[in-house]
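Please open the model in a viewer and keep the selection panel at hand. The tour below proceeds from one selection to the next.

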Amino acid sequence: MTDKKNEYIEAAHQIIMSLGLPRAQQNERSALSLLALLNLTPGKPWSQAENPLVGITPIMDWVRKHYDREYAPNTRETFRRQTMHQFCDAGLVLYNPDMPDRPVNSPKAVYQIEPAALKLLRSFGTTKWHDNLTAYLAERETLVAMYAMEREQNPG
């Protein structure tokens, strides 16, 4: 089962790179967060990926339960600021889609995979993946490109 777990983590990592997320998000924490957001347990087909509403602590609990990775409770802020913010900026994830006016500091904050991203990710590992990825990216600027453009416009 450990091989299957590592296989899924590596696949999620490859997806994050394919989507153009910055190097700082190309890591195991982000890969595991993506798997949690998709409720993709080891062995579950990508075609059955889901998009539940999920908060940071439930993501961390899910990762511990399904992928045997333990994160200390004080790393919640790292998940939020170093993974989820960038997922939202990239349009991969929606923030509080059930209640957009929820206060930013609410303990009830939740995230959900964006519907077009879910459709794309369900095609991972199929012959349609590459074409679907190309079409998806053509409609979105990658986060790396957005950040680079922002740096060029605001040097120093």
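Begin by selecting Arg81 and Glu77, whose side chains meet in a salt bridge with an N to O distance of 3.9 Å. The model is a predicted one. Both residues belong to helix α4, where they lie four residues apart, about one turn of the helix. Arg81 is partly exposed, at 48% relative accessibility, and Glu77 is likewise classed as partly exposed, at 37%.

Next, select Asp98 and Arg102. These two residues form a salt bridge in which the closest N and O atoms are 2.9 Å apart. Asp98 is partly exposed, with 43% relative accessibility, whereas Arg102 is buried, at 10%. Asp61, Arg64 and Glu70 may then be displayed together, as salt bridges with shared partners join them into one network. The structure holds nine salt bridges in total.

Move now to Lys44, in the loop between α2 and α3. Is this lysine buried or exposed? Lys44 counts as buried because its relative accessibility is 14%, and the cut-off for burial is under 20%. Its salt-bridge partner is Glu50, with the closest N and O atoms 2.4 Å apart; Glu50 is partly exposed, at 33%. Beyond its neighbours within four places in sequence, Lys44 is in contact with Tyr8, Asn39 and Glu50.

Keep Glu50 displayed and add Leu38, which is in contact with Glu50 and also with Trp46, Ala49, Ile113, Leu118 and Leu121, leaving aside neighbours within four places in sequence. Leu38 leads into the largest nonpolar core, a set of 42 residues in which Leu34, Leu35, Leu37, Leu38, Trp46, Phe87 and Leu92 have the most contacts. To follow the core through the fold, colour α1 (2–18), α2 (28–37), α3 (56–67), α4 (76–89), β2 (111–113), α5 (115–121) and α6 (129–138), each of which gives two or more residues to it.

For the largest pocket, select Ile56, Arg80, Ser106, Ala109 and Tyr111, the residues nearest its centre among the 19 that line it. The volume of this pocket is about 400 Å³. Helix α4 gives the largest share of the lining, six residues. By class, the lining comprises nine nonpolar, five polar and five charged residues.

Finish at the second largest pocket, with a volume of about 170 Å³. Select Ala116, Lys119, Leu120, Asn132, Ala135, Tyr136, Glu139 and Arg140 to show its lining. Helices α5 and α6 are the elements that give two or more residues to this lining, which divides into four nonpolar, one polar and three charged residues.

Note on methods:
Residues are numbered from 1 along each chain as its sequence is written. This is a predicted model: local features need pLDDT of at least 70, side-chain atom pairs count only at pLDDT 80 or more; totals for chains, interfaces and linings use all residues. Side-chain values use heavy atoms; hydrogens and water are left out. A nonpolar core is a set of buried Ala, Val, Leu, Ile, Met, Phe, Trp, Tyr and Cys residues joined through side-chain atoms within 4.5 Å. Buried means under 20% relative accessible area, exposed over 50%, partly exposed in between (1.4 Å probe, protein chains only). Contact means heavy atoms within 4.5 Å. On a 1 Å grid over the protein atoms alone, a cavity is a set of points where a 1.4 Å probe fits but cannot get out, and a pocket is an open set with protein on both sides within 12 Å along at least five of seven lines; lining residues have an atom within 4 Å of a point. Grid points are joined across faces, edges and corners, and a volume is the space filled by probe spheres set on the points. Ala, Val, Leu, Ile, Met, Phe, Trp, Tyr, Cys and Pro count as nonpolar, Asp, Glu, Lys and Arg as charged, and the others, Gly among them, as polar. A salt bridge is a side-chain nitrogen of Lys or Arg within 4 Å of a carboxyl oxygen of Asp or Glu.
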